[in-house]
Amino acid sequence: MLKFAISLLAVLSCAAMAQAQEPKRAVTQIKGDVYRLQNNFHFSIFVVTKDGVIVTDPINSDAATFLKSEIAKLTNAPVTHLIYSHSHGDHASGGAEFADTATVIAQQNAPEQIDGVRPTIRFSDKMQFEHGGKSIELTALGSGHGQDLIAMVIRPENVAFVVDAVSVNRLPFRNFPGTDVAGVIQQIKTVEALDFEILAPGHGSMGTKADATVHREYVEGLMEAVKSGLKSGNSVDQLVENLDLSKYAEWGSYNQWREPNIRGMASWLEKSGAL
Ligand SMILES: [Zn+2]
């Protein structure tokens with residue numbers, strides 16, 4: 001009986017491993033001709049028009065191959081544009097899949113090549129173009145999360161694609177790695193000033209423009225709380241112990257990222273001289 005239990009356990013854990021290795025990939029319609037690609041915890045959007053398909057972050061080569069086959073189910077039109085949200089490798093890898101047919105667009109500060117793909121159009125502040133009955137509005141978000149992050153708004157659907165600077169009812173990523181937190185607050189304010197309704201972030205749930213505001217208020221509130229806690233003599237450990245963020249207890253990643261958020265904010269405040 002014991003032997004049976006052990007072998008059954010071995011079979012079950014093999015099945016669990018196989019499942020863990022199989023990435024979750026899906027395409028869903030957001031609104032009208034705007035679709036969302038999921039590859040595990042990463043998301044991008046694409047737009048199907050009669051004059052060609054506009055894709056954004058390919059995420060990685062396997063996700064890009066999957067995306068190409070999903071696009072072929074929706075249209076015979078080629079991919080005419082590849083627009084990078086920013087150059088971080090976890091979102092921007094795999095673009096070679098589309099580079100043969102696409103005009104490649106990135107913000108001015110992006111590196112010369114993004115995973116081997118050379119952007120053909122760069123812009124500094126804003127860029128807008130019409131394609132197949134859609135209006136595509138690109139806005140540089142300045143420095144904060146990276147140096148080359150942009151927001152993209154598609155009309156008439158009024159969908160905004162914004163990666164990493166903002167998420168919907170989910171804590172910011174871990175301890176703000178490599179992030180200028182004050183810059184991120186400015187980036188979110190720039191997003192809030194854009195005209196759109198639906199927010200499609202690069203991670204987590206879909207939302208609306210109001211979610212960007214709520215996310216900024218979280219970051220600003222955390223900054224103020226950690227700053228005043230440190231100024232009144234608390235150690236970072238004491239803040240981790242005592243800081244009341246229970247208002248956000250229902251948010252995604254609250255249990256995992258509450259502590260790294262506090263520690264990351266404290267170390268950013270110290271390093272940036274904002275204390
Ligand atoms: Zn990033």
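In the predicted model, helix H2 has 14 residues, which at 1.5 Å a residue should span 20 Å. The C-alpha atoms at the two ends of H2 are 20 Å apart, in agreement with that expectation. Five residues of H2 are named as buried, and these are Ala63, Ala64, Phe66, Leu67 and Ile71. Viewed down the axis of H2, the buried residues fall within an arc of 160°, so they line one face of the helix. An α-helix has 3.6 residues a turn, so residues three or four places apart point the same way. Ser69, Ala72 and Lys73 lie on the other side of H2 and are exposed. The buried residues of H2 pack against strand S1 (25-31), strand S2 (34-39), strand S3 (42-49) and strand S4 (52-55), and also against S5 and helix H4 (96-99).

Ile71 belongs to helix H2, which covers residues 61-74. Ile71 counts as buried because 21 other C-beta atoms lie within 10 Å, the cut-off being 20 or more. Leaving aside residues up to four places away in sequence, Ile71 touches Phe46, Val53 and Val79. Between Ile71 and His81 the separation is ten residues in sequence and 13 Å in space, taken from C-alpha to C-alpha.

Phe46, a contact of Ile71, is also listed among the residues of the largest nonpolar core that touch the most other members. That core has 63 residues, and the others listed with Phe46 are Met152, Ala160, Val162 and Val191. Contacts of Met152, not counting residues up to four places away in sequence, are Thr56, Ile83, Ile136, Leu138, Ala160 and Phe161.

Strand pairing was examined next. Strands of a sheet pair through backbone hydrogen bonds, either parallel or antiparallel. Strand S5 (residues 79-83) pairs with strand S6 (residues 103-107) in the parallel sense, over three bridges. Within this pair, Leu82 stands opposite Val104 of S6. S6 also pairs with strand S7 (residues 121-123), again in the parallel sense and over three bridges. Here the bridge partner of Gln107 is Phe123 in S7.

A further six strands are arranged as an open sheet, in the order S8-S9-S10-S11-S12-S13, with mixed pairing. The edges of this sheet are strand S8 (126-131) and strand S13 (207-208); each has a single partner strand, so one side of each is left without a neighbour in the sheet. Inside the sheet order, strand S10 (residues 150-155) and strand S11 (residues 159-162) pair in the antiparallel sense over three bridges. Ile154 has Val159 of S11 as its bridge partner.

Helix H6 (residues 209-231) has 23 residues and should span 33 Å at 1.5 Å a residue. The end C-alpha atoms of H6 are 34 Å apart, which agrees. Buried positions in H6 are Ala212, His215, Arg216, Tyr218, Val219, Leu222 and Val226. The elements covering these buried residues include helix H5 (181-192), strand S12 (198-201), helix H7 (236-242) and helix H8 (254-272). After H6 comes Gly233, with a positive phi near 95°.

Helix H8 has 19 residues, for which the expected span at 1.5 Å a residue is 27 Å. The end C-alpha atoms of H8 are 25 Å apart, and this agrees with the expected value. In H8 the buried residues are Asn261, Ile262, Gly264, Met265, Ala266 and Trp268. These buried residues of H8 pack against H5, H6 and H7. Gly273 follows H8 and has a positive phi, near 75°.

For the chain as a whole, eight helices and 13 strands are found. The C-alpha atoms fill a box of roughly 65 × 60 × 35 Å along the principal axes. Of the 275 residues in the chain, 37% are buried. Among contacts between residues at least 6 apart in sequence, 60% join residues at least 24 apart.

The mean pLDDT of the chain is 94, and 92% of the residues reach 70 or more. Over residues 1-15, however, pLDDT stays under 50. For residues 1-15 the model has zero contacts beyond four places in sequence.

Methods: Residues are numbered from 1 along each chain as its sequence is written. This is a predicted model: local features need pLDDT of at least 70, side-chain atom pairs count only at pLDDT 80 or more; totals for chains, interfaces and linings use all residues. Helices (H or I, at least four residues) and strands (E, at least two) are DSSP runs, numbered from the N terminus. The expected span of a helix is 1.5 Å times one less than its number of residues. A residue is buried if 20 or more other C-beta atoms lie within 10 Å of its own, exposed if 12 or fewer, and partly exposed in between; C-beta atoms are placed from the backbone. Two residues are in contact if their C-beta atoms, placed from the backbone, lie within 7 Å. A nonpolar core is a set of buried Ala, Val, Leu, Ile, Met, Phe, Trp, Tyr and Cys residues joined through C-beta atoms within 7 Å. pLDDT is the predictor's confidence in each residue, from 0 to 100. Two strands pair if DSSP finds at least two bridges between them. The arc is that of the directions from the helix axis to the C-beta atoms.
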